[in-house]
Structures are given as C-alpha cells and as structure tokens.
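Biologist: I should like to learn how to read the loops and helix crossings of a model. Please take me through them one feature at a time.

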Amino acid sequence: MSWFSKKHKPDEAGDDALLQRYRQTGDLAVLGQLYEQYMPLVYGVCLKYLQDEEQSKDAVMQIFEELIVKASRHEVKQFRSWLYVLSRNFCLMQLRAHKKAETLSIEELVEFPFVSHPDDTGAGEENLQQLERCMQKLTPQQQKSIDLFYIKEKCYKEVAELTGYSLNEVKSYIQNGKRNLKICLENNSER
C-alpha cells in the first residue's frame, strides 16, 4: 500500500454512515474501511510533526488503535476534521513525551541527593530518619504516590493503576509531596 495513494475523495455522508454502523456494531472492519480513506491524510499530519517516515507509519497504526476507543465515545460532526485534530494531538503528545525524556536531568531524578549518597560521618542515618519524619507529615495520597514512584520505582501510569488515582492526581500528589518534603527537610536542617 502506498501511504500517499488517493483512490477517491472521501464522502462525508458515507463517513457518517460508516461511523454510525461502527458505533452500533463495534465491527472493526467498518472502522477500518472508514479509516483507510484517511490514512494518507493521517500519515501526512504525522510526517509534518514527527518528521520521520517510520515513526509516522507507526503513529498511523497507533492512531487507529486510539480511534477504536475514541470513535465510540466522542460526538463526531465531521470525521475528517475530527481525525485531523486527533492525529495532530497524538503527534504533539509524542513530541512532548520525547522531549521530556531527553531533558530530564539527574538533579530532577534525585531530588534529595544526601539520602541517596549519605556520607560516612553518620549524618546519613540522621537524614534518613528526618526524611521518614517528614514523610509522615504528608497526606496519605502523597505518601503512597511518593513511595510507589521513588522507593518502588513505578512510573506514573503504574502508580495510577495501583492506587486507583487518576494520572493527573498522581502527578499532583507527587509534585506537591516533593515540595512539602523539601520544605520540611529545609526547615529541619535550619535547626
């Protein structure tokens, strides 16, 4: 299959009929028939944003997987426009995720370096005890999220699955918990 071939111009009335049929039956062949007409468009959008042919081809397939779920959940007035926005957003999220992975520094990974590398003067044990005391001051949600994320080395998604919190809640609990720990540790170190 050529990613740029256009067999015929998509028919919006036909699109609506196929989309409705997919929603009623859940038949992936129907959704595939609808999506196939727009694969050149989706590939073009992906290539524009991702600027890599293989990555764009993979994205076309991943967008179809998202479409399986989202087409039945969302009210779609014009399939072509909606699919364009879905594709663009998918690519932007891929770029954002890739950028985050590249720019994460070691300082961001190790928020409290003295805990990871205690010195030989005995202060390391004291620092750990201080950290434990500060952890107790956090909300239960923050404690659980930070423990799973930093101690048990789970990713955000795994923390969300294990706790039942949403992904945004997990990120918020970790961010606020880190801030509260930092404040607590700084306040205790000044004494």
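Modeller: Let us start with a loop residue, bearing in mind that this is a predicted model. E153 sits in the loop that links α8 (140-151) to α9 (156-163).

Biologist: Is E153 buried or exposed?

Modeller: The verdict rests on relative accessible area, with exposed meaning over 50%. E153 has 68% relative accessibility and is therefore classed as exposed.

Biologist: Which residues does E153 contact, once its neighbours within four places in sequence are left aside?

Modeller: Under that condition, E153 touches L148 and E158.

Biologist: What should I look for in the backbone of such a residue?

Modeller: The sign of phi is a useful guide, because most residues other than glycine have a negative phi. E153 is not a glycine, yet its phi is positive, at about 55°.

Biologist: Where else does a residue other than glycine have a positive phi?

Modeller: Q51 is such a case, with phi near 55°. Q51 belongs to the loop between α2 (28-50) and α3 (53-73). The relative accessible area of Q51 is 66%, so Q51 is exposed.

Biologist: Let us turn to the helices beside these loops. How do the axes of α8 and α9 cross?

Modeller: One reads the approach of the axes, then the angle, then the hand. For α8 and α9, the axes come within 10 Å, and the crossing angle is roughly 135°. Angles over 145 degrees would count as roughly antiparallel and 65 to 115 as roughly perpendicular; α8 is therefore oblique to α9. The crossing of these two helices, α8 and α9, is right-handed. On the α8 side the contact is made by K144, S145, L148 and F149, and on the α9 side by Y156, V159, L162 and T163.

Biologist: Is T163, in helix α9, buried or exposed?

Modeller: Here the threshold is under 20% relative accessible area for a buried residue. T163 has 17%, so T163 is buried.

Biologist: What surrounds T163?

Modeller: Beyond its neighbours within four places in sequence, T163 is in contact with K144, L148 and V170. L148 is also among the contacts of the loop residue E153. In addition, a polar atom of the T163 side chain lies 3.2 Å from the backbone nitrogen of Y165.

Biologist: How do α2 and α3, the helices on either side of the Q51 loop, cross?

Modeller: The same reading applies. The axes of α2 and α3 come within 8 Å and cross at roughly 135°, and these helices are therefore oblique to each other. α2 passes α3 in a right-handed crossing. The contact involves residues of α2 including L28, L31, Y35, M39 and L50, and residues of α3 including E53, V60, F64, L67 and A71.

Biologist: How many helices and strands does the chain have?

Modeller: There are 10 helices and zero strands. Along the sequence the pattern is accordingly written α-α-α-α-α-α-α-α-α-α.

Biologist: Which totals describe the chain as a whole?

Modeller: Burial, contact separation and exposed area may be read together. Of the 191 residues in the chain, 29% are buried. Among contacts between residues at least 6 apart in sequence, 59% join residues at least 24 apart. The chain exposes about 12,900 Å², and carbon and sulfur atoms supply 50% of that area.

How values were computed:
Residues numbered from 1 in each chain as written. Predicted model: local features only at pLDDT ≥ 70, side-chain atom pairs only at ≥ 80, totals over all residues. Heavy atoms only, no water. Helix = DSSP H or I, 4+ residues; strand = E, 2+ residues; numbered from the N terminus. Buried < 20%, exposed > 50% of the residue type's maximum accessible area, 1.4 Å probe, protein only. Contact = heavy atoms within 4.5 Å. Areas by Shrake-Rupley, 256 points an atom, 1.4 Å probe, with all protein chains shown as cover. Polar contact = N/O pair within 3.5 Å; in protein donor to acceptor, adjacent residues only side chain to side chain. Axes fitted to C-alpha atoms, helices over the stretch in contact; angles between N-to-C directions. Parallel < 35°, antiparallel > 145°, perpendicular 65-115°, else oblique. Left-handed = near helix turned anticlockwise from the far one by under 90°.
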